[in-house]
Amino acid sequence: MDIRLIALDLDGTLLDSQKRLSSRNRQALTECLERGIHIVPTTGRTVSGIPSVVRELPGVRYAITTNGAVVEDMKEDLTLSECTIPWELALKILKIIDQYHVMYDPYIERRGITEPRFYEHLTEYGLRPELQEVVRMTRDVYPNIIEFLETCRKPVEKINLFFPEIEERTKVRKVLEEIDGIIITSSMPMNLEINAPGATKGGGIRRLAEHLGLKREQTMAMGDGENDFSMILEAGIGVAMKNGRPDLCKAADYITDTNDEDGVASAIYRFVLEAEL
């Protein structure tokens, strides 16, 4: 088995429930990097939201961000591919969801755009302290999100939504499913994520593998959420976390331990490092 690229979701997968990288997971990643195996953070976050403890591991060069909307070479600060929502469509979506009790932020040029009524009330929208820290690190605050987009007119990588009530989330998802030209996924129970068609983690893996001259069989992916389905199906080996969605676990080639039990390391040693011995 010649795995040369490992795509890793962050939240609920590589990172534990406190958003930390365990020493065992770090050791497994380091051993892979020393063997020339690409470790690729593959996340709904922007590149600035990738924890430095992951981003700065020697040898980590590529990232698939905002659910596959962007594939980038972090070493060269170079965008390899983009798949974005036209600003006009994003504006239409924002005006629709603004009618509901939901916190929203479009991602533009690698940054989340927010406004005070959301940024100053993160707890109200169900964000735990560790997630609030990520939000504060990756958002820029403007007086009004919709007015900002009307003025800048730039394509949107992703629109992120957080709901304080699951009933409101269900209602908004039904409304969004009537809109052409977008795909809707989720990475946690109280959020929704809106991307352009083709902006999937699986599509990001495929484009990066082509860039690196790798075959599908040389790729491996691990995840836990709805937005990980495409990469679990795309990769040569698709691994689901034991804490992942039941339907994702059913679709995966293998189920590893939970994110609080170093499940990433367990799968890497099983399929990559020990397989090389």
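**Close-up views of a two-domain predicted model**

**View 1. Where the two domains meet.** Together, domain 1 and domain 2 bury about 1600 Å² between them, and 50% of that area is on carbon and sulfur atoms. On the domain 1 side, Lys19, Thr46 and Glu226 lose the most area to domain 2, together 28% of what that side buries. Please keep in mind as you look around that this is a predicted model. The domain assignment gives domain 1 as residues 5-83 + 199-272 and domain 2 as residues 87-195. Their C-alpha centres lie 24 Å apart. Contact between them involves 21 residues of domain 1 and 18 residues of domain 2.

**View 2. Polar and charged links across the interface.** Here you can look for the 11 residue pairs in polar contact that the rule finds across the interface of domain 1 and domain 2. Strand 4 (70-73) and strand 5 (78-82) each supply at least two residues of the side of domain 1 that touches domain 2. That side of domain 1 is made up of four nonpolar, 12 polar and five charged residues. The count of salt bridges between the two domains is three.

**View 3. Glu226 and its network.** Glu226 of domain 1 has already appeared among the residues that lose the most area to domain 2. In this close-up, the side chain of Glu226 meets that of Arg173 in a salt bridge, at 2.7 Å from N to O. Both residues also belong to a network of salt bridges that links Arg173, Glu177, Glu226, Arg245 and Asp247. Side chains of opposite charge can pair when their charged atoms come close. For wider context, a search of the whole structure finds 26 salt bridges.

**View 4. The Arg110 and Glu82 pair.** Arg110 forms a salt bridge with Glu82, and the closest N and O atoms are 3.2 Å apart. To find the two partners, look for Arg110 in the loop between strand 6 (103-108) and strand 7 (111-114) and for Glu82 in strand 5; the pair therefore ties together parts that are 28 residues apart in sequence. Arg110 counts as buried because its relative accessible area is 17%, under the 20% cut-off. Glu82, at 49% relative accessibility, counts as partly exposed.

**View 5. Asp11 with Lys19.** Lys19 returns here from the first view, where it was one of the domain 1 residues losing the most area to domain 2. The side chain of Lys19 meets that of Asp11 in a salt bridge, with 2.9 Å from N to O. Both Asp11 and Lys19 are buried.

**View 6. Asp2 with Arg4.** A salt bridge joins Arg4 to Asp2, and the closest N and O atoms are 3.9 Å apart. Asp2 counts as partly exposed, at 41% relative accessibility.

**View 7. The surroundings of Asn160.** Asn160 is found in strand 9, which covers residues 158-162. This residue counts as buried because its relative accessibility is 4%. The side chains of Asn160 and Asn191 are joined by a polar contact of 3.3 Å. Leaving aside residues up to four places away in sequence, Asn160 touches Met103, Tyr104, Asp105, Tyr107, Arg139, Asn191, Leu192 and Glu193.

Methods. Residues are numbered from 1 along each chain as its sequence is written. This is a predicted model: local features need pLDDT of at least 70, side-chain atom pairs count only at pLDDT 80 or more; totals for chains, interfaces and linings use all residues. Side-chain values use heavy atoms; hydrogens and water are left out. Domain bounds come from an automatic or database domain assignment. Contact means heavy atoms within 4.5 Å. Buried area is the accessible area (1.4 Å probe) that two parts lose on being put together, summed over both. A salt bridge is a side-chain nitrogen of Lys or Arg within 4 Å of a carboxyl oxygen of Asp or Glu. A polar contact is a pair of N or O atoms within 3.5 Å; within protein, one must be able to donate a hydrogen and the other to accept it, and residues adjacent in sequence count only if both atoms are side-chain atoms. Helices (H or I, at least four residues) and strands (E, at least two) are DSSP runs, numbered from the N terminus. Ala, Val, Leu, Ile, Met, Phe, Trp, Tyr, Cys and Pro count as nonpolar, Asp, Glu, Lys and Arg as charged, and the others, Gly among them, as polar. Buried means under 20% relative accessible area, exposed over 50%, partly exposed in between (1.4 Å probe, protein chains only).
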